[in-house]
Amino acid sequence: MATEPATETTLQGPAAWGEQAEKERVHGLGPWRLGLRRLRRNKVALLFGFLFILLVLVCAAAPLWADNIAKTGPTDGHLSDTITVNGEQKNVVGLDGVPIGPQYWKADGKFFLGADGNGRDIMVRLLYGGRNSLFIGVTAALMTAILSLLLGVVAGFFRGATDAVIRTVLDIMWSFPVIILGTALGVALALGGLKIGPLEIPGDSLAIPIFIIGLVYVPYMARPIRGQVLSLREKEFVEAARAQGAGPFRIMFSEVLPNLASTMIVFFTLLIANAVLLEAALSFLGAGVRPPNPSWGTMIDDGVERVATAPHLAVVPGVMLVLTVLSLNVFGDGVRDALDPRAKVRVEL
Amino acid sequence: MGKLGRRALALLLACLSLFVIAACGDDDDGGGGSSGGGDGEAKKGGSITISQTSQPDYMDPALTYTVNGIEPLWLVYTPLITYAREEGPEGSKLIPGLAEDLPEISEDGLTYTLTLRKGLKYSDGSPVKAADFEHTIKRVLNLESGGSAFYLVIDGAQEYLDAGKPEGDISGIETNDETGEITITLTEPDGSFSHVLAMWFAALVPSDTPFKNMTENPPPGVGPYMVTESVPNRQFVLDRNPEYDKNPIDGIPSGNIDKITTKIIKSAQRQAQDVISGNLDYMQDPPPADIKPEVKAKYSDRYVEQTTASTYYFFMNTRVAPFDDPKVREAVNYGIDKPGLARIFAGELAPGCSFLPPGVPGFDEALDVDECPWGNPNEPPDLEKARALIKEAGVDGMDVTVYGNNDDPTDKVTEAYADMLTKMGFNAEPKILDGGVYFQTIGNQKTKAQTGFANWFQDFPHPKNFMFLVDGKSIQPTNNQNFGNVDDPEVTKGIAELNQEPDLTKAEDQWVELNKKLVERAWIVPYGHRKLSTFFSERMDFDNCRRFHPVYFNDYSSWCLK
């Protein structure tokens, strides 16, 4: 259990970089170059960052694999089909319902990791599922970041009644465990979809898990940002801007926001990892991505039913999930250390 | 790695371990009971815990219409007449239930007279009265039960329904509480009406039972068991009915087990593992394909499969595009991969074309397989023909929503069906609903469900019981069982005419023809007939205490512990 606060209220971001640069005796280097220099020295973080990029590229190449090697789509079933393996005809799904196992290159890449119970190519679904999981993770993290920034800055800067209202709403959301709030919203929205004015999202759309995940993480990011803004608004450079006649919105955009940049970058990286993980958990519980769309969570869920005879169905998407989240977390830690060595920013769950 | 990384990794591992946890059994103890050898004598007493994958649609005899509800409730509620507690064809024989004898039918086939047995009491100790029968039928009609169409043949039933007054009168039902005589007058002869009287809908409940869904507080009944607890989506409990044991009915044996707790457990995998380990004593659904080979090999001394009179089919809503076009319905019949669907059922589905299943009068084996108008169901589909017909109808590329529920393997079947429709030229997407609300949802006209999964298990051994699902007269705004709104005047007329013949053997050939007409006109897509399994824990007496009833399936009252 962590005993430290989510953030320190000491000065962070560019406002602190000059002081840090003095300590590291790298006069003349700008704050971003200084951060990059520190990141380049962190080989482990770079290695995991590279691993994440590799995973993204592999998943992005899903259509290439599907069209040129597997020659099937992620939702195409082959229940009654056969394939030729080493000159021998094999059922994709046996008469007893047991699907074919991994064939690797024995069938020219078809059913490389085997088939699921509906005769769908696991490798193709894994890659497309990765695209969905990463897309949801990144988009949801973006949504969280934007909402959190908006709420955190407004609450921290204006204080008073505005702060009280926003803080109360965030506290209420905070009081629900993420997985329970996400599952409840997922189940409720899955049937009827989401209608906000003219905007209508069907229940089986990927936008539903994005909306849910993007929403439930807002308190975890907005509250630390609010704390940082409360500290920043009392600094001398803000006082100076105010003395020069700058209005509140100008101060927010030109003085406060730039000083939140490094925190946002660190948070954003870590949020993607958490969003990918939550998507998997929600999909596993049937409240995330709707079938037949693949995601790593739905694939683990499907695989659980056949874990005795075909363990790879659950293990392979599980391993991909581990690698993605691990790489993002290690890289995110590296970015944090590089940009803000004194910060203790983390997504507290 | 920082703390954040380690924490996320820990969370991740916890998430991944879910599938391991899901495979583990719970600690719930079936309780009671001791072991002992089975020497042909049924041991009395003990308690067991069994499972269902989804909550019964209703725990109310007036409303339930799924195997999940009927299998337990037929032991709690008994109609005036019922079926012999026997396996095979003997189990289709009608015997007196709460009535002293089978109904006396007038020569014109319009009047049925029965007399209530004397001294009957409900499980709460209150006396059973003849007037309760009318109240029971009123509840079925008033609650718009899926079975209400069966009782509209009673004189005055339609008028009662139209009046919208729950306490109103059904003129065709006369009862006398003093003599126990019940007289039912029909508007037209109905050859299946004795079977309709034997359905659980007509099982008597007290006259003060409210006109509302009583799932959370099921009313008392007359039967070997009573419902003592009903928590939707969690569990329900059947206890031996002491009132019934005091005054049992001939031919309806009291139960052996004292207490039967049914838990709702989503994962079939977990249920099977729990039956193997002894945490559960029976699972209503078959073990999942994944562990069935192991079950068959290692536990064959407590596992058996039985063929049921059932049909699995896809409905196509004839009131909604694109299935309002006969060409499209023909295309779907040509394009369905029936052997492929059978694989999803792991060999527990015999591919077939006939709507009437084996075991039901009117079933035609040739139509089912060799002479199927849409191709042999054991061979690959004719996708080219399906695509050509869909193009001809001008609906290729059209969006189609395929309805299904999340029971295993229905979700997989629904996904496969959507994929097959996509291969035929549609843009089909599955919509998977919770099993507990699925049939109500697709049976509501407001849903406008285009197409989807449906199945039917015999309620009573008469072709009308299946043909009711495609009878234009049975279409309702809610709780509709004719999901595709099939309204073929010739089929509807044929059902009405053949149903007037009380001697089924005389009309069997005509039922065969009607079934053929239904299949050839592609109103629905039948794709096979199901086998069901009985899988017991080690402590159950598999050899001596087990009865698979042709109408009601596993008879819990026959079970006993070793």
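Chain A of this predicted model has a secondary structure that comes to 13 helices and 4 strands. Of its 349 residues, 49% count as buried. The chain also folds back on itself quite a bit in terms of sequence: among contacts between residues at least 6 apart in sequence, 70% join residues at least 24 apart.

Two helices of chain A make a good place to start. Two packed helices are described by the angle between their axes and the distance between the axes. Here the pair is H5(A), residues 122-158, and H11(A), residues 248-284, and their axes come within 7 Å and cross at roughly 145°. The crossing of H5(A) past H11(A) is right-handed. On the H5(A) side, the residues that meet the partner helix include A:Ser133, A:Leu134, A:Gly137, A:Ala141, A:Leu149 and A:Phe157. On the H11(A) side, they include A:Pro248, A:Met252, A:Phe267, A:Phe268, A:Leu271 and A:Glu279. Sorted by class, this contact has 20 nonpolar, 3 polar and 1 charged residues.

H11(A) deserves a look of its own, since there is a bend in its path. A kink of about 45° lies at A:Leu257, shortly before the proline A:Pro258. The end-to-end reach of H11(A) can be set beside that kink: a straight helix of 37 residues would span 54 Å at 1.5 Å a residue, yet H11(A) spans only 45 Å between its end C-alpha atoms. As for its surroundings, 27 of the 37 residues of H11(A) are buried, so this helix is largely enclosed by the rest of the structure. After H11(A) comes A:Gly286, with a positive phi near 85°.

Further along in chain A there is a backbone oddity. Most residues other than glycine have a negative phi, and most peptide bonds are trans. The bond that joins A:Pro291 and A:Pro292, however, is a cis peptide bond, with omega about 5°. A:Pro292 sits in the loop between H11 and helix H12 (296-304) of chain A. Chain B has a cis case too, in the peptide bond from B:Ala321 to B:Pro322, where omega is near 0°. B:Pro322 also belongs to a loop, the one between strand E13 (310-316) and helix H11 (326-335) of chain B.

Elsewhere in chain A, A:Ile69 is placed in helix H4 (residues 62-70). With 16 C-beta neighbours inside 10 Å, A:Ile69 counts as partly exposed. A:Ile69 and A:Val124 are 55 residues apart along the chain, and their C-alpha atoms are separated by 9.6 Å.

Turning to chain B, helix H4(B) has 12 residues and reaches 16 Å from its first C-alpha to its last, close to the 16 Å expected at 1.5 Å a residue. Of those 12 residues, 11 are buried, so H4(B) is largely enclosed by the rest of the structure. The buried set in H4(B) takes in residues of quite varied kinds, among them B:Asp132, B:Phe133, B:His135, B:Lys138, B:Arg139 and B:Leu141. What do the buried residues of H4(B) pack against? Their partners are H5, helix H6 (157-163), strand E6 (173-176) and strand E7 (181-185) of chain B.

Right after H4(B) the backbone does something less usual. The helix is followed by B:Glu144, whose phi is positive, near 50°, although B:Glu144 is not a glycine. This residue lies in the loop between helix H4 (131-142) and helix H5 (148-151) of chain B. Is B:Glu144 buried or partly exposed? B:Glu144 has 15 other C-beta atoms within 10 Å, so it counts as partly exposed.

A second non-glycine residue with a positive phi turns up at B:Ala522, where the angle is about 55°. B:Ala522 is in the loop between helix H19 (504-520) and strand E18 (524-535) of chain B. B:Ala522 is buried, because 20 other C-beta atoms lie within 10 Å.

One last residue of chain B rounds off the tour. B:Gly494 is found in helix H18 (residues 489-498). B:Gly494 is buried, with 20 other C-beta atoms within 10 Å. The C-alpha atoms of B:Gly494 and B:Asp324 are separated by 22 Å, and the two residues are 170 residues apart along the chain.

Note on methods. Residues are numbered from 1 along each chain as its sequence is written. Chains are lettered from A and ligands numbered from 1 in the order in which they are written. This is a predicted model: local features need pLDDT of at least 70, side-chain atom pairs count only at pLDDT 80 or more; totals for chains, interfaces and linings use all residues. Axes are lines fitted to C-alpha atoms, for helices over the stretch in contact, and angles run from 0 to 180 degrees between N-to-C directions. A crossing is left-handed if the near helix is turned anticlockwise from the far one by less than a right angle, and right-handed if clockwise. Two residues are in contact if their C-beta atoms, placed from the backbone, lie within 7 Å. Ala, Val, Leu, Ile, Met, Phe, Trp, Tyr, Cys and Pro count as nonpolar, Asp, Glu, Lys and Arg as charged, and the others, Gly among them, as polar. The expected span of a helix is 1.5 Å times one less than its number of residues. The bend at a residue is the angle between axes fitted to the seven residues ending there and the seven starting there.
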